[in-house]
Amino acid sequence: MTVDLSQYDTSLLPCADVLCKQRYAVIVADWNSDITYAMAEGAIKTLMEHGVKEENILVQHVPGTVELTYAAARLIEGREYNEKAVHYDAIIVIGSVIKGDTPHFDYVCQSVTQGVTMLNSKAITPVIFSVLTTLDRQQALDRAGGKLGNKGIEGAATAMRMANM
């Protein structure tokens with residue numbers, strides 16, 4: 001049974017007094033941008049609705065889903081692309097991989113899944129996996145603001161909880 005990804009228990013989230021002092025990064029793959037940008041918008045809106053200040057949210061774009069891991073690793077190291085040292089309380093990686101006729105789908109999904117798992121096992125900053133891996137475009141659209149909600153909203157709720165464990 002598939003549930004609406006936008007539904008979450010707000011009583012499990014930290015209060016706005018805590019969240020307004022925290023920094024979050026949202027790294028968005030530009031590939032399948034109609035899907036990933038809708039997810040990023042959901043994530044950013046959700047963070048701000050719960051008290052995260054807009055100026056405390058970095059939005060970083062990367063070409064595709066495979067590049068999400070590299071960008072997250074750089075941010076965890078405390079280096080942004082302009083070389084400013086900043087700590088993020090959580091990082092949300094947003095991508096969409098849609099199965100095609102070649103095994104490329106399998107390689108991309110495996111790469112990003114293993115990369116995020118590795119970052120989470122070794123780093124102190126939680127990296128939230130908001131990557132859709134769907135069999136077709138409609139499944140992705142359904143999960144990016146369609147009939148099944150928005151995986152970006154789920155990612156934001158997860159990020160706020162994980163940043164405050």
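**Exercise 1.** Does cysteine 15 count as buried, partly exposed or exposed, and at what relative accessibility?

The model is predicted, with local features needing pLDDT of at least 70 and side-chain atom pairs pLDDT 80 or more, while totals for chains, interfaces and linings use all residues. Residues are numbered from 1 along each chain as its sequence is written, and side-chain values use heavy atoms, without hydrogens or water.

Step 1. Buried means under 20% relative accessible area, exposed over 50%, and partly exposed in between (1.4 Å probe, protein chains only).
Step 2. Cysteine 15 has 43% relative accessibility and therefore counts as partly exposed.
Step 3. Cysteine 109, at 12%, is buried.
Step 4. Of the 165 residues in the protein chain, 48% are buried.

**Exercise 2.** State how many disulfides the structure holds, and locate the cysteine sulfur nearest to that of cysteine 15.

Step 1. A disulfide is a pair of cysteine sulfur atoms within 2.5 Å.
Step 2. The structure holds zero disulfides.
Step 3. For cysteine 15, which is in no disulfide, the nearest cysteine sulfur belongs to cysteine 20 and lies 8.1 Å away.

**Exercise 3.** Describe the order of elements and the compactness of the protein chain.

Step 1. Helices (H or I, at least four residues) and strands (E, at least two) are DSSP runs, numbered from the N terminus.
Step 2. The protein chain has six helices and six strands, in the order α-β-α-β-α-β-α-β-α-β-β-α from the N terminus.
Step 3. The radius of gyration, taken over C-alpha atoms, is compared with the globule rule, 2.2 Å times the number of residues to the power 0.38.
Step 4. The protein chain has a radius of gyration of 15 Å, close to the 15 Å given by the rule for 165 residues, so it is as compact as a globular protein of that length.
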